[in-house]
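This briefing describes strand pairing and the surroundings of a ligand. Please keep the sequence and the model in view while reading.

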Amino acid sequence: MPIDAATLDPDPVVQLERWLAEATDAGLPLPNAFALATADGDGMPSVRYVLLQGIDPDGLRFFTNRSSRKGRDLAVNPWAAAAFWWAALDRQVRVTGPVRLLPDDESLAYWRTRPRGSQLSAATSQQSREIGSRAELEARVAALSYEHPAEVPLPSFWGGYALSPRVIEFWESRDDRLHDRVEYRRGPDGSWHPYRLQP
Ligand SMILES: Cc1cc2nc3c(=O)[nH]c(=O)nc-3n(C[C@H](O)[C@H](O)[C@H](O)COP(=O)(O)O)c2cc1C
């Protein structure tokens, strides 16, 4: 179905939630996975997939190790870009904006929903740092599990972020690759302005 500013929701965050729900209903694998691009202080880019864990007024929420490469990038350059692609629906959404840390209580609330195995892995891993062998990593997980037989505490280096959209683009495939693209830009007063872009 063709998309334009008249058929999309005037609020692009609502529209993104709608497309996410449609991707979920279509049974697509990991519909909440998105490519997250960051850059370091020298402008060197870096991109990887993360999982969207919710959208709220602060933006797109994801969780990770704050000492990882992306965490270090965001500490010096708190801007990021995201891209979702839902293959079977032939749709893409791109989001750009500033990123802020989620408060500790929200990171803790999410941490507690994670399976113990995932908690142990996250607490053990000095994400993005070199390690000599997998055996070393597994030994550290075993030691940490022994140390915390009940609850695994939230590590100080792990938590959530929210990417607050400033620009959101909806792309949908059309015949002959004459695709539809509608980009919304957020004005200083918080209102959204849609534009059609050439494919
Ligand atoms: C589908 C998918 C989802 C992922 N989700 C997350 C995630 O939510 N958080 C995370 O820290 N890493 C996630 N990863 C791993 C990251 O892509 C990446 O390897 C890791 O975060 C280290 O990235 P960095 O070195 O750029 O910081 C995911 C990987 C894939 C393939």
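Helices (H or I, at least four residues) and strands (E, at least two) are DSSP runs, numbered from the N terminus. The model is predicted: local features need pLDDT of at least 70, side-chain atom pairs count only at pLDDT 80 or more, and totals for chains, interfaces and linings use all residues. Residues are numbered from 1 along each chain as its sequence is written.

**Strand β1 and its partners**

- Strand β1 spans residues 33–39; Phe34, Leu36 and Thr38 make up its covered face, while Ala33, Ala35, Ala37 and Ala39 lie on the uncovered one.
- Two strands pair if DSSP finds at least two bridges between them; β1 is paired with strand β2 (residues 45–51) by seven bridges, in the antiparallel sense.
- A hairpin is formed by β1 and β2, with five residues between them, and Gly43 in the turn has a positive phi of about 90°.
- Strand β5 (residues 79–86) also runs antiparallel to β1, joined to it by three bridges.
- Ala35 faces Tyr49 in β2 and also stands opposite Ala83 in β5.

**Surroundings of the ligand**

- The shell around the ligand holds 16 residues (each with its C-beta atom, placed from the backbone, within 6 Å of the ligand).
- The closest residues are Arg48, Thr64, Ser68, Arg69 and Ser128.
- Two or more residues of the shell come from each of β2, β4 (59–65) and α2 (69–76).
- Strand β2 gives the largest share, five residues.
- By residue class, the shell divides into seven nonpolar, six polar and three charged residues. Here Ala, Val, Leu, Ile, Met, Phe, Trp, Tyr, Cys and Pro count as nonpolar, Asp, Glu, Lys and Arg as charged, and the others, Gly among them, as polar.

Technical notes:
A residue is buried if 20 or more other C-beta atoms lie within 10 Å of its own, exposed if 12 or fewer, and partly exposed in between; C-beta atoms are placed from the backbone.
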